[in-house]
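Here are my notes on the model, set out as numbered points. Please read them with the coordinates open, so that each residue can be looked up as it comes.

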Amino acid sequence: MAHNGVVAGGGRLTDWISLGVLASSVPRDAVDEAVAAAGKGAKRADGKLPPHVMVYFAMALALFSGEDYEEVAARLTETLASWGCWDDAWSTPTSGGLTQARKRLGPEPLELLFEKVAVPVAGVLTRGAFLREWRLMAVEEDWLLIADRGFYNWPGWQAAAAAGAALLWRVQAGLRLPVLDLLPDGSYLSLVARPTLHDKTRNKLIAAARAGERLDPAQAMRVRVIEYEIPDRDGDGELIALITTITDPAAASAQELAEAYCQRWEEETGNDQLKTHLRGPGKVLRSKSPDMVRQEIYGYLLTHYAISALICQAATEADIDPDRVKFLRTVRILRRRAADPAFPP
């Protein structure tokens with residue numbers, strides 16, 4: 001477990017930070033490639049605020065959202081010097097100089113950089129990241145796509161299934177799910193159909209599905225249903241109904257799928273980390289123009305990714321679920337240790 005900054009089995013979280021794990025998430029060569037691809041290379045070889053420095057500065061603005069430009073630059077200077085990214089002859093720039101350098105950089109390098117480096121970091125040994133061969137995802141093709149009951153609709157289900165992802169979605173209690181066949185793990189085979197079908201047409205499709213006939217995917221699709229009840233404090237239960245394209249219980253049991261669905265809430269947790277713990281509750285972005293707002297947003301996304309990658313690696317080494325490592329505490333440690341070579345930011 002994680003407690004007071006300690007990751008059981010893997011040493012203190014602060015030790016991971018001091019090893020420079022964060023720097024590996026957004027490496028200098030990837031920054032340079034993104035800058036070059038965006039056509040934002042330095043105009044002068046002796047420029048005091050070259051593009052790669054400003055990329056890290058944009059990320060530092062996310063980590064120190066409550067500080068002004070000059071304070072953020074001062075915190076960043078020592079770290080960049082340790083990476084060979086800062087010339088000792090340079091002086092800490094003024095707020096006006098930093099503003100102009102941000103404008104020269106623009107949002108494009110950070111957007112390209114995020115697309116390049118922000119890949120899934122959880123491996124098969126990371127607890128809670130996979131259900132057998134499927135990576136648990138809220139959004140992505142070719143993995144197990146999980147969604148809560150507010151997302152189900154016939155066109156959306158069709159589109160997601162056609163994209164190649166395995167689906168595990170919660171549905172509303174009113175959705176008609178006829179029982180086609182009971183399965184040994186307590187789940188059952190059913191079908192979902194276009195909601196505008198007349199009952200006569202729908203009944204014909206149900207009969208065809210029971211007979212093992214091929215269904216027109218524009219009209220209906222076979223699914224497997226997992227139902228279970230969660231009791232509340234008053235002893236009353238809430239029925240959870242999940243539908244999935246994984247129709248073979250041997251591929252994933254009903255219990256495995258029910259447990260995997262619980263991971264769905266990690267997307268909301270990630271949003272909370274980004275908007276509340278990193279940016280701060282109720283805070284607006286400091287940028288005033290559309291391009292600078294985009295740059296600032298990608299700075300936040302890159303910084304959140306770097307912190308999440310650190311947490312994931314530490315948790316995987318400690319053989320615990322990354323959920324057990326507190327994001328806010330990690331952010332606080334990073335802010336305190338910003339002068340260490342580990343700060344990426």
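1. Trp-157 is a buried residue in this predicted model, because its relative accessibility is 0%, where anything under 20% counts as buried. Its partner Trp-169 is also classed as buried, with a relative accessible area of 5%. The structure holds four aromatic pairs, and in the pair of Trp-157 with Trp-169 the ring centres are 5.2 Å apart while the planes stand at 90 degrees, so the arrangement is edge-to-face. Trp-157 belongs to helix H7 (residues 154–162) and Trp-169 to strand E7 (residues 166–170), so the pair ties together parts that lie 12 residues apart in sequence. Tyr-152 joins Trp-157 and Trp-169 in one aromatic cluster.

2. Which residues does Ile-243 touch, once those up to four places away in sequence are set aside? The three members of the aromatic cluster, Tyr-152, Trp-157 and Trp-169, are among them, and the list also includes Leu-167, Leu-168, Val-171, Leu-177, Val-192, Val-223, Arg-224 and Val-225. Ile-243 itself lies in strand E11 (residues 237–244), and with a relative accessible area of 0% Ile-243 is buried. Val-171, one of the residues touched by Ile-243, is 72 residues away along the chain, yet the C-alpha atoms of the two are separated by 7.1 Å.

3. Two further places involve residues in or beside the strands. Leu-145, in strand E6 (residues 144–147), counts as buried at 13% relative accessibility; Leu-145 and Tyr-261 are 116 residues apart in sequence, with a C-alpha to C-alpha distance of 9.7 Å. Arg-135 is placed over the face of Trp-143, at 4.9 Å from the ring centre.

4. Helix H11 (residues 290–318) deserves a point of its own, and its packing against helix H3 (residues 51–63) can be taken to begin with. The axes of H3 and H11 come within 8 Å and cross at roughly 75 degrees, which makes H3 roughly perpendicular to H11. On the H3 side the contact is made by Ala-58, Met-59, Ala-62 and Leu-63, and on the H11 side by Gln-295, Gly-299, Tyr-300, Leu-302, Thr-303 and Ile-307. By residue class, this contact of H3 with H11 divides into seven nonpolar, three polar and no charged residues.

5. What is the angle at which helix H5 (residues 95–105) packs against H11? The angle is about 85 degrees, with the axes 10 Å apart, and H5 is therefore roughly perpendicular to H11. Arg-102, Lys-103 and Leu-105 of H5 meet Met-292, Gln-295 and Glu-296 of H11, and the residues of this contact divide into two nonpolar, one polar and three charged. Gln-295 is listed in the contact with H5 and is listed again in the contact with H3.

6. Is Ser-25, in the loop between helix H1 (13–18) and helix H2 (28–37), buried or exposed? Ser-25 counts as buried, because its relative accessibility is 10%. Leaving out residues up to four places away in sequence, Ser-25 touches Val-117, Tyr-305, Ala-306 and Ala-309.

7. Two residues could be looked at for their backbone angles. Arg-132, in the loop between strand E4 (130–131) and strand E5 (134–137), has a phi near 55 degrees, which is a positive value in a residue other than glycine, and at 45% relative accessibility Arg-132 counts as partly exposed. Asp-319, in the loop between H11 and helix H12 (327–336), has a phi near 60 degrees, again a positive value in a residue other than glycine, and Asp-319 counts as partly exposed at 41% relative accessibility.

8. Finally, some totals for the chain as a whole. The chain has 12 helices and 11 strands, and 45% of its 345 residues count as buried. Among contacts with a separation of 6 or more, 65% are accounted for by residues 24 or more positions apart; the Ile-243 and Val-171 pair, at 72 residues apart along the chain, can be set beside that figure.

Notes
Residues are numbered from 1 along each chain as its sequence is written. This is a predicted model: local features need pLDDT of at least 70, side-chain atom pairs count only at pLDDT 80 or more; totals for chains, interfaces and linings use all residues. Side-chain values use heavy atoms; hydrogens and water are left out. Axes are lines fitted to C-alpha atoms, for helices over the stretch in contact, and angles run from 0 to 180 degrees between N-to-C directions. Helices (H or I, at least four residues) and strands (E, at least two) are DSSP runs, numbered from the N terminus. Angles under 35 degrees count as roughly parallel, over 145 as roughly antiparallel, 65 to 115 as roughly perpendicular and the rest as oblique. Contact means heavy atoms within 4.5 Å. Ala, Val, Leu, Ile, Met, Phe, Trp, Tyr, Cys and Pro count as nonpolar, Asp, Glu, Lys and Arg as charged, and the others, Gly among them, as polar. Buried means under 20% relative accessible area, exposed over 50%, partly exposed in between (1.4 Å probe, protein chains only). Rings of Phe, Tyr and Trp (its six-membered ring) pair if their centres lie within 6.5 Å; planes under 30 degrees apart count as stacked, over 60 as edge-to-face and the rest as tilted. A charge sits over a ring if NZ of Lys or CZ of Arg is within 6 Å of the ring centre and within 35 degrees of the ring normal.
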